[in-house]
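This report looks at how the parts of one protein fit together, what lines its ligand, and where the backbone has uncommon geometry. The sequence and structure come first.

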Amino acid sequence: MHANVLFPINSEAFTYTVPEELRSDIKIGSRVEVPFKRSYKTGIVVALDRNPQSASLKKTAGQKKNISLKPVKSLLDVDPFLSINILRLIDWVSQYYMSASGLALKNAVPSAFFTGKKAGKPRIMYEEEAKKSKHLNLTNDQKKALSEINSVDKGVFLIHGVTGSGKTEIYIKAVTSLPAGKQAIVLVPEIAITGQMIDRFRTSFGNDVVFFHSGLSTGERITQWQRTRNGTVKVVIGVRSAVFAPFNNLGLIIVDEEQEASYKQFEGLRYSARDVALARAKLENIKIILGSATPSLEAFYAAQNGKFRYIRIDKRIEKRPLPEVEIIDMTKEIKDTFSLSAKLVDALKQNVKERSQSLILLNRRGYSPYFICTDCGHTHKCPLCSITLIYHKDTNTMNCHYCGSWLNPESKCPECGRKEITYLGTGTQRVEEELNRLIPELSFKRMDRDTTQKKLSHHRIVRQMEEKKIDLLLGTQMVAKGHDFPDVTIAAVISADTALNLPDFRSAERAFQLFTQLAGRAGRGVLPGKAYIQTYEPDHFVFDFVRNHNYKGFYEREIGQRKELSYPPFSKLIRIIFCFRTKEKANKIIAGISARIRTMEHKNIEVLGPSPAPVEKIRNLWRWHLILKGRNAKELRRTAREIVHKLELTREVKVDIDVDPINLL
Ligand code: ADP
Ligand code: ZN
């Protein structure tokens with residue numbers, strides 16, 4: 001008897017023999033200990049062959065012919081550790097994302113289960129801080145949405161509800177309406193907003209709600225995972241990997257803010273948690289709700305074509321008005337400082353007087369992105385990545401936001417030797433400094449990756465905002481998303497231009513979503529809100545749609561372009577990234593690759609490149625990419641596999657495949 005055993009490593013399964021005494025107990029999904037290289041390793045049985053003559057085990061790696069197989073050493077659990085559902089999902093993920101099954105397993109199951117760590121006592125848990133919110137009676141819009149959701153027990157729903165339309169309450173009631181014993185997964189795009197979501201779910205489900213996040217200790221993670229698997233938990237809330245929550249009786253998946261780019265993992269297994277959620281719902285034959293105020297073009301298109309059931313809510317709770325949006329033309333406006341217009345500063349001052357709160361978004365942390373010599377124009381780039389370093393004033397370093405390395409700033413230009421170095425551009429630290437100087441009476445917190453490194457520190461900052469201990473929250477993306485602060489009446493974008501000008505086919509969509517989301521944080525309570533967007537490009541078409549809260553108009557314009565260029569949703573993309581140690585190697589090998597690709601024929605598939613990636617170098621590797629475009633996902637994957645295979649690449653090239661890339665940088 002043989003077993004295929006999968007490990008959480010970048011590989012397919014390995015085959016072992018099953019000794020007599022384990023044969024009756026070993027099952028698919030069992031955890032086993034097996035010899036591996038010169039020691040032992042824990043893995044999961046993914047296939048069993050009870051009758052070696054009849055069936056061959058699929059998808060094995062690393063077994064050469066005629067090698068005598070080693071036996072499984074021991075069985076670690078009485079009941080199978082992973083259910084068939086999760087194994088099927090892992091299999092789907094590895095197929096779809098063209099990745100090794102082991103890598104999918106690694107993302108799906110906490111590593112502690114393979115290293116023999118024990119469940120531990122929870123440390124400080126978020127539970128202790130949970131805040132009760134009030135139970136609400138549904139509005140008519142919410143009732144209608146709920147009864148539509150409850151009318152079927154499978155399929156995809158897109159709830160397209162403007163900011164502040166009460167989507168969260170619909171999610172909660174949809175979970176409440178599940179048959180007894182059924183469980184739910186709630187995915188949120190950003191750890192910083194989970195706090196408020198958890199509070200609201202706990203109001204209905206108490207401690208049957210658990211929170212999967214990266215800040216958990218090993219012990220906590222094991223405990224939560226086991227509780228989830230044993231069915232003593234009703235709801236799992238989390239970012240990306242919560243989509244693999246090991247429920248055995250899942251009834252519903254909710255993906256809040258489905259359009260968010262952060263659902264996609266950028267390294268290792270490049271999966272989109274939203275798309276894996278859709279796949280899981282289909283595999284388990286259950287319902288899934290995608291929610292958004294600004295759906296991704298893909299989702300809205302699917303709704304238009306009847307693939308998703310569409311629920312529209314176009315009014316805020318209590319018919320509160322959507323915020324007025326003012327575009328501030330920074331080429332004309334009087335500026336009090338480098339980053340802030342007089343108009344915005346006045347509005348903020350007025351808001352402090354009125355005891356209302358404000359939110360400011362700036363999409364870049366640090367002090368200033370350009371440390372530039374005004375004499376010769378020299379700027380500093382990361383020596384390992386071809387991107388500009390960002391000056392951080394608090395540490396007096398120039399940091400690379402890609403690889404994390406840093407340099408000390410020099411007092412004179414390394415290029416021309418003069419001392420004409422200035423800072424251009426702005427980051428959150430600089431705005432913080434300017435706000436302190438211009439509005440001394442303002443009390444505020446900065447929230448970005450630099451200030452939230454400690455466990456759950458976002459929650460503390462969010463609490464201060466909720467309890468009105470501060471007047472203003474300044475930060476990166478994390479302030480724009482999902483929060484519900486009823487006393488915020490001003491939401492502002494410091495510099496819209498970076499978002500508008502990314503070299504990517506989705507940049508307009510992302511910008512529209514970001515500004516609409518941010519504006520949507522204002523005026524959610526009794527007082528109406530206003531949004532200010534500072535830009536050097538006030539005539540950009542995106543602003544007309546943001547100003548008028550016109551999603552449909554934006555969609556129609558954008559979908560036309562996508563169609564013309566046959567970008568998603570009219571096609572699927574696969575991006576193949578080739579990485580090289582040196583530029584010379586890259587040039588030489590790429591020339592060969594190009595020549596070979598030109599001789600290949602691919603029906604129905606458009607092959608673009610290879611060309612240098614817009615970010616040419618990351619972590620000292622030179623990057624080129626090839627983009628494949630086609631209508632049929634399977635055909636596209638087959639072609640990608642074929643190309644990589646036929647290129648007969650050597651070890652000098654590292655290949656990274658990104659299925660459904662969400663940026664092409
Ligand atoms: P969305 O997720 O659509 O942006 P939320 O679910 O955060 O909106 O709801 C916006 C605000 O309206 C929240 O403060 C919420 O507590 C409140 N709210 C939601 N539903 C109701 C209701 N039925 N009655 C009163 N207030 C509600
Ligand atoms: Zn770098």
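Strands, like helices, are DSSP runs numbered from the N terminus; a strand is a run of E with at least two residues. In this predicted model, strand β25 covers residues 605-618 and contains P610. The peptide bond that leads from G609 to P610 is cis, with omega near 5°.

A cis bond also joins P568 and P569, where omega is about 5°. P569 sits in the loop between α16 (551-564) and β24 (572-580). Most peptide bonds are trans, and most residues other than glycine have a negative phi. R355 is not a glycine, yet its phi is positive, near 60°. R355 belongs to the loop that runs between α10 (342-353) and β14 (357-361).

On a wider scale, the protein is divided into four parts: domain 1 (2-115), domain 2 (140-317), domain 3 (320-368 + 425-560) and domain 4 (572-659). How far apart are the centres of domain 2 and domain 3? Taken over C-alpha atoms, the separation is 26 Å.

Between these two domains, 33 residues of domain 2 are in contact with 37 residues of domain 3. The area buried between domain 2 and domain 3 is about 2900 Å², and carbon and sulfur atoms give 55% of it. Three residues, Q196, L297 and R316, supply 26% of the area that domain 2 buries against domain 3, more than any other three residues.

Polar links also cross this interface. There are 14 residue pairs in polar contact between domain 2 and domain 3. On the side of domain 2 that touches domain 3, the elements giving two or more residues are α6 (194-205) and α9 (297-304). By class, that side has 12 nonpolar, 13 polar and eight charged residues. The rule finds two salt bridges across the interface of domain 2 and domain 3. Elsewhere in the list of contacts, R506 forms a salt bridge with E298, and their closest N and O atoms are 2.6 Å apart.

Which residues are closest to ligand 1? Of the 17 residues that surround ligand 1, the closest are N137, Q142, G164, K167 and D484. The table gives distances from a polar side-chain atom to an oxygen atom of the ligand.

| Residue | Distance to an oxygen atom of ligand 1 |
|---|---|
| R200 | 3.0 Å |
| D484 | 2.4 Å |
| R524 | 2.9 Å |

D484 thus appears both among the closest residues and in the table, at 2.4 Å.

Methods
Residues are numbered from 1 along each chain as its sequence is written. Chains are lettered from A and ligands numbered from 1 in the order in which they are written. This is a predicted model: local features need pLDDT of at least 70, side-chain atom pairs count only at pLDDT 80 or more; totals for chains, interfaces and linings use all residues. Side-chain values use heavy atoms; hydrogens and water are left out. Domain bounds come from an automatic or database domain assignment. Contact means heavy atoms within 4.5 Å. Buried area is the accessible area (1.4 Å probe) that two parts lose on being put together, summed over both. A salt bridge is a side-chain nitrogen of Lys or Arg within 4 Å of a carboxyl oxygen of Asp or Glu. A polar contact is a pair of N or O atoms within 3.5 Å; within protein, one must be able to donate a hydrogen and the other to accept it, and residues adjacent in sequence count only if both atoms are side-chain atoms. Helices (H or I, at least four residues) and strands (E, at least two) are DSSP runs, numbered from the N terminus. Ala, Val, Leu, Ile, Met, Phe, Trp, Tyr, Cys and Pro count as nonpolar, Asp, Glu, Lys and Arg as charged, and the others, Gly among them, as polar. A residue is near a molecule or strand if one of its heavy atoms lies within 4 Å of it.
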